[in-house]
Amino acid sequence: MEKEAKGKVNTVQIQYYQSPCGKLILGSFENKLCMCDWVVSEERRAAIDKRIQKALNAQYAIENSEVITQTISQLDEYFSRQRTTFDIPLLLVGTEFQKSVWNELLNIPYGTTISYAQLSQRLDNPKAIRAVASSNGANSISILIPCHRVIGSDHKLTGYAGGLVAKKTLLELESNERRLL
């Protein structure tokens, strides 16, 4: 029996979502969202997929789930400027340090930005700017965990998994929405 339990491979349900600024892959595991990631860079996708599949002992299957349906609905509302926060249950898959960074990203208010240095300070680790930036880049739940709200100390847009055009589009969407409220 014990060998069967160890050998059991779990399933991450996945679906694709075409956002106004690029294609995303959504993944759910045990009624939580574990992925809302850009389908842009094959190398990055492979690293994220490997991390998630290994940690969850899972394979991907194109299936729907209640969490994916809710995520699509909330993303549609976000992109149509009807939603500024998300209430999807999340499953963070990464190291404890990465999870601490991602949890801090959730505290960045809609329509605002902070620098990597400010994010490091919020984590009480001001010298860990590179590690924080790396963790930010490893975020597999884009938009819902708003890594797009982190910019350079010089206020310039820096790398983003969905590309700088997507990052700029998301920030403009949030900036315009803030003015409309």
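This report covers the annotated sites, nonpolar cores, salt bridges and a surface patch of a predicted model.

## Annotated domain

UniProt, in an unreviewed entry, places the feature "domain: Methylguanine DNA methyltransferase ribonuclease-like" at residues 15-91. That span is 38% helix and 32% strand. Its end C-alpha atoms lie 16 Å apart.

## Active-site record

An unreviewed UniProt entry also places the feature "active site" at Cys-147. Cys-147 sits in a loop, between helix H6 (129-137) and strand E6 (150-151). Its relative accessible area is 4%. Buried means under 20%, so Cys-147 counts as buried.

What surrounds Cys-147, leaving aside its neighbours within four places in sequence? The contacts are Leu-105, Asn-136, Asn-139, Ser-142, Tyr-160 and Lys-167.

## Nonpolar cores

In soluble globular proteins, nonpolar side chains tend to be buried together. The largest nonpolar core in this model holds 36 residues. Leu-75 and Ile-143 have the most contacts inside it. Several elements each give two or more residues to this core: strands E2 (22-29) and E3, and helices H3 (66-79), H4 (96-105), H5 (116-122) and H7 (164-180). H3 supplies the largest share, 5 residues.

Leu-75 touches Ile-143. Its other contacts are Tyr-17, Leu-24, Leu-26, Cys-36, Phe-86 and Leu-144, with residues up to four places away in sequence not counted. Another core, of 11 residues, lies apart from the largest one. Among its members are Val-12, Ile-14, Ile-25 and Ile-48.

## Salt bridges within helices

Side chains of opposite charge can pair when their charged atoms come close. The model has 8 salt bridges. One of them joins Asp-49 to Arg-45, with the closest N and O atoms 2.2 Å apart. The two residues are 4 apart in helix H2, so about one helical turn separates them. Asp-49 is buried, with a relative accessible area of 16%. Arg-45 is buried too, at 9%.

Glu-96 and Lys-99 form another bridge, at 3.6 Å from N to O. Both lie in helix H4, 3 residues apart, about one turn of the helix. Are these two side chains buried or exposed? Glu-96 is exposed, with a relative accessible area of 60%. Lys-99 is partly exposed, at 23%.

## A bridge between elements, and a network

Arg-149 and Glu-174 meet in a salt bridge of 2.8 Å, N to O. Arg-149 lies in the loop between H6 and E6, whereas Glu-174 lies in helix H7, so the pair ties together parts that are 25 residues apart in sequence. Both residues are buried.

Which residues are joined by salt bridges that share partners? Asp-37, Arg-44, Arg-45 and Asp-49 form one such network.

## Surface patch

Tyr-16, Val-39 and Ile-62 make up a nonpolar patch on the surface. Together they have about 290 Å² of accessible area. Val-39 lies in the loop between strand E3 (32-38) and helix H2 (42-56). Its relative accessible area is 33%, so Val-39 is partly exposed. That value also meets the patch cut-off, which is over 30%.

Conventions: Residues are numbered from 1 along each chain as its sequence is written. This is a predicted model: local features need pLDDT of at least 70, side-chain atom pairs count only at pLDDT 80 or more; totals for chains, interfaces and linings use all residues. Side-chain values use heavy atoms; hydrogens and water are left out. UniProt positions are given in the numbering used here, feature names are shortened, and annotations may be inferred rather than shown by experiment. Patches are made of residues with over 30% relative accessible area and no salt bridge: like charges are joined within 9 Å, nonpolar side chains (Val, Leu, Ile, Met, Phe, Trp, Tyr) within 5 Å. Accessible areas come from the Shrake-Rupley method with a 1.4 Å probe; for residues, only the protein chains shown count as cover. A salt bridge is a side-chain nitrogen of Lys or Arg within 4 Å of a carboxyl oxygen of Asp or Glu. Buried means under 20% relative accessible area, exposed over 50%, partly exposed in between (1.4 Å probe, protein chains only). Contact means heavy atoms within 4.5 Å. A nonpolar core is a set of buried Ala, Val, Leu, Ile, Met, Phe, Trp, Tyr and Cys residues joined through side-chain atoms within 4.5 Å.
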